[in-house]
Amino acid sequence: MVAAAVVLLAIFAAGWLFGQFTGDSKGREVSYLLQGANGEVVALSGVTSEESVVVTMSGFDRVYQFWAIREVRWLPIGSCNTNPEGRWKGDFAFQIRSGEEIALTIEPAGESQKPTSEPILRSIS
C-alpha cells in the first residue's frame, strides 16, 4: 500500500508563521511542503485572509484530492490530475488557515465530499 510507504515532512518557509488563526485582516502567509518516500512533492501556499491556495505537485501519476483537516472535519480543497511528467500547478478556491493539517488522497473521478481512501500524504500537526 502506497500510504504505508509515504513519509511526511512538513516544512514552513523561512519567515512564514505557524500558529493559531488570528483573524488579522492582513492575513498570515502559510506554506506546507509534503514529501513522499518515492520523491513525490506537494507544496501549498496561501494567505489566511485570501480565498485561494496555490498548489504545486511533482512525481505523481494519478488523480488526487487535497483536504484541510479542521477540528477533525475533512474539508475538500480541490482535486487535480498530473501531466505525463507527474506535475501539476494551479489554484483552488479555498481559504487555508495556519496550523491546520493538509492531506492528499486518491479519489474516484470528480471531487469527493469526504475521503474514500487513506491519505498518501499528510502533514504533521
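**Exercise 1: Ser58**

Work out which strand holds Ser58 and whether Ser58 is buried or exposed in this predicted model.

*Solution.* Start with the secondary structure: Ser58 sits in strand E3. Next, take its relative accessible area, which is 16%. The cut-off for buried is under 20%, so Ser58 counts as buried. Finally, look at who surrounds it. Leaving aside residues up to four places away in sequence, Ser58 touches Gly39, Glu40, Val41, Gly86 and Arg87.

**Exercise 2: The four-stranded sheet**

Find the strand order of the open sheet made of four strands, and say which strands are its edges.

*Solution.* Go across the sheet strand by strand and you get E1-E2-E3-E6, with antiparallel pairing. Now check for strands that pair on one side only: these are E1 (29-35) and E6 (88-92), so they are the edges. From one strand to the next, the twist averages 10°.

Then zoom in on one pairing. E1 and strand E2 (residues 41-47) run antiparallel and are joined by seven bridges. To get the register, pick Tyr32: its bridge partner in E2 is Leu44.

One more residue of E1 is worth a look, namely Leu33. At 29% relative accessibility, Leu33 counts as partly exposed. Leu33 and Thr56 are 23 residues apart in sequence, while their C-alpha atoms are 9.5 Å apart in space.

**Exercise 3: The surroundings of E7**

Explain why strand E7 (residues 101-106) can be called largely enclosed by the rest of the structure, then trace its pairings with E4 and E8.

*Solution.* Count burial first. Five of the six residues of E7 are buried, so the strand is largely enclosed by the rest of the structure.

Now take the pairings in turn. With strand E4 (residues 63-70), E7 pairs in the antiparallel sense over six bridges. Phe66 gives you the register here, as its bridge partner in E7 is Leu104. With strand E8 (residues 121-122), E7 also runs antiparallel, and two bridges join them. For that register, note that Ala103 stands opposite Arg122 in E8.

**Exercise 4: The largest nonpolar core**

Identify which residues of the largest nonpolar core touch the most other members, and list the strands that each supply at least two residues.

*Solution.* The core has 22 residues, and Val42, Leu44, Phe66 and Ile77 are the ones touching the most other members. Sort the core by strand and you find that E1, E2, E3 (53-58), E4, E5 (73-81) and E7 each supply at least two residues. As background, nonpolar side chains tend to be buried together in soluble globular proteins.

Take Leu44 as the worked case. Not counting residues up to four places away in sequence, Leu44 touches Val30, Ser31, Tyr32, Val53, Val54, Val55, Phe66, Ile77 and Ile102. Among these contacts are Phe66 and Ile77, both of which also appear in the list of residues touching the most other core members.

**Exercise 5: Aromatic pairs**

Classify the ring pairs Trp67 with Trp74 and Trp88 with Phe92 as stacked or edge-to-face.

*Solution.* A search of the whole structure turns up three aromatic pairs. For Trp67 and Trp74, the ring centres are 6.3 Å apart and the planes lie at 70°, so this pair is edge-to-face. The burial of the two partners goes like this: Trp67 is buried at 0% relative accessibility, whereas Trp74 is partly exposed at 24%.

For Trp88 and Phe92, the centres are 5.2 Å apart and the planes lie at 20°, so the pair is stacked. Phe92 is buried, with a relative accessible area of 9%. To finish, join up the pairs: Phe66, Trp88 and Phe92 are linked by ring pairs into a cluster.

**Exercise 6: Backbone check between E4 and E5**

Find what stands out in the phi angles of Glu71 and Val72, and decide whether these residues are buried or exposed.

*Solution.* Recall the usual sign: most residues other than glycine have a negative phi. Now compare. Glu71 has a positive phi of about 50°, and Val72 has a positive phi of about 70°, although neither is a glycine. Next, place them: Glu71 is in the loop between E4 and E5, and so is Val72. For accessibility, the cut-off for exposed is over 50%. Glu71, with a relative accessible area of 76%, is exposed, and Val72 counts as exposed at 75%.

Terms used:
Residues numbered from 1 in each chain as written. Predicted model: local features only at pLDDT ≥ 70, side-chain atom pairs only at ≥ 80, totals over all residues. Heavy atoms only, no water. Axes fitted to C-alpha atoms, helices over the stretch in contact; angles between N-to-C directions. Buried < 20%, exposed > 50% of the residue type's maximum accessible area, 1.4 Å probe, protein only. Core = buried A, V, L, I, M, F, W, Y, C linked by side-chain atoms within 4.5 Å. Contact = heavy atoms within 4.5 Å. Phe/Tyr/Trp six-rings, centres within 6.5 Å; stacked < 30°, edge-to-face > 60°.
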